[in-house]
Amino acid sequence: MATSLDQVGMQVWAGCLLMADFLLDKERGPTSGWDVETRHQTDNHTLGRPYTLLELGCGVGLASIVAAWAGFDTVFATDVDERSDSDDKSDSLVNSAGGSILEICKRNVAASNRAGQITVLPLNILKSSPFWVEPGCSADAEECPDLQQFRDHCDTIIAADVIYLDSVSFHLVRRLYTLLMISTPPVPIASNLIVVRPDINDPGYPPRPYWSRRLFLSIEMRVQFSIVSGSAAVPAWDFFRETVRSMNLDRSENDPLRLQLVFHRIDVDSIPQRFDYDRTPELRLFEVYLCQGDIQQDLSFDIGIWN
């Protein structure tokens with residue numbers, strides 16, 4: 001890997017291609033069970049609620065375009081807006097000959113025949129955003145239509161190969177607890193998990209139900225050999241995993257909701273391969289969702305890097 005960190009979003013990684021294969025898998029993917037040709041007759045469209053997906057770290061936009069092809073009516077392709085977020089205007093991302101990541105993504109979306117379904121938006125995981133605010137908070141008064149669409153109709157989030165930098169991993173995990181929470185369930189609801197929120201100020205008030213969105217996370221385990229320990233390790237993944245464990249523990253002890261992130265490993269070998277890439281043993285795919293209370297973390301989250 002000779003790609004510098006400031007250029008990682010300018011190319012398509014294997015984790016993105018795995019995500020694209022998964023999105024197109026009608027038996028196991030996010031659109032499994034959908035009849036794309038006749039779903040206007042389903043309860044979802046009868047109620048006027050479109051299938052909506054949000055991609056974090058969309059890069060050049062391939063996975064978002066594939067999501068639109070797979071059947072999602074509305075796709076939000078989001079990534080860093082380098083022109084506003086970069087402190088260094090000589091940054092190669094800002095002054096790339098092809099333009100910024102978002103500009104390249106917009107051109108790719110425009111060149112596809114799904115441009116009407118995809119909205120490219122700036123979203124920096126390291127900075128504050130109404131997307132991270134818990135539903136029902138005061139920030140709702142300043143909502144934009146895109147945010148309202150996400151709040152009301154989105155039950156699926158994807159992120160491909162975004163685990164490579166510790167600072168990004170830390171903030172991603174920190175944001176997931178509110179990003180995955182739904183106060184009004186979309187139809188069809190992707191998960192039957194219900195998060196019940198007690199009213200802290202009035203114990204006699206009926207609990208308020210919340211639902212969990214689902215996040216599909218793909219990652220390529222980048223193995224490094226440590227001269228110090230004399231063994232192989234996956235530092236980026238190890239940091240991400242330990243951050244999840246630490247924040248889950250903190251939430252179980254200090255959060256009245258006791259929200260926990262649950263990871264379920266998806267069998268990659270069962271997904272048909274349509275794109276041309278090496279599907280190595282280091283490629284992993286997880287479904288992530290919220291659960292309330294003390295849980296036993298899925299053992300698939302702890303599987304060694306060689307299994």
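**Exercise 1. At what angle do helix α1 (residues 14-23) and helix α3 (residues 62-70) pack, and how far apart are their axes?**

Before we start: this is a predicted model, where local features need pLDDT of at least 70, side-chain atom pairs count only at pLDDT 80 or more, and totals for chains, interfaces and linings use all residues. Residues are numbered from 1 along each chain as its sequence is written, and side-chain values use heavy atoms, with hydrogens and water left out.

*Solution.*
- Step 1: the angle is about 5 degrees, and the axes are 9 Å apart. Angles run from 0 to 180 degrees between N-to-C directions, with axes fitted to C-alpha atoms over the stretch in contact.
- Step 2: that makes α1 roughly parallel to α3, a label for angles under 35 degrees.
- Step 3: look at who touches whom, with contact meaning heavy atoms within 4.5 Å. Cys-16, Leu-17, Met-19, Ala-20 and Leu-23 in α1 meet Leu-62, Ala-63, Val-66, Ala-67 and Ala-70 in α3.
- Step 4: sorted by class, this contact has 10 nonpolar, no polar and no charged residues.

**Exercise 2. Work out whether the length of helix α7 fits its residue count, then see how covered the helix is.**

*Solution.*
- Step 1: α7 covers residues 166-179, and at 1.5 Å a residue its 14 residues should span 20 Å. The expected span takes 1.5 Å times one less than the number of residues.
- Step 2: its end C-alpha atoms are 19 Å apart, which agrees.
- Step 3: 10 of the 14 residues are buried, so α7 is mostly covered, where buried means under 20% relative accessible area with a 1.4 Å probe, protein chains only. Among them are Val-168, His-171, Leu-172 and Tyr-177.
- Step 4: α7 also has company, as the buried residues of α6 pack against α7, β1, β2, β4 and β5. In α6 (residues 145-153), those buried residues are Leu-147, Gln-149, Phe-150, Arg-151 and His-153.

**Exercise 3. Place Leu-285 and Arg-241 in their elements and describe their surroundings.**

*Solution.*
- Step 1: Leu-285 sits in strand β12 (residues 283-292), and at 0% relative accessibility it counts as buried.
- Step 2: leaving aside neighbours within four places in sequence, Leu-285 has contacts including Leu-18, Met-19, Phe-22 and Val-268. The C-alpha atoms of Leu-285 and Val-268 are 6.7 Å apart, although 17 residues separate the two along the chain.
- Step 3: Arg-241 belongs to helix α8 (residues 235-254). Arg-241 is buried too, with a relative accessible area of 15%.
- Step 4: the side chains of Arg-241 and Asp-238 share a polar contact of 3.1 Å, the term for a donor-acceptor pair of N or O atoms within 3.5 Å.

Notes
Helix = DSSP H or I, 4+ residues; strand = E, 2+ residues; numbered from the N terminus. Buried < 20%, exposed > 50% of the residue type's maximum accessible area, 1.4 Å probe, protein only. Parallel < 35°, antiparallel > 145°, perpendicular 65-115°, else oblique. Nonpolar A, V, L, I, M, F, W, Y, C, P; charged D, E, K, R; others polar.
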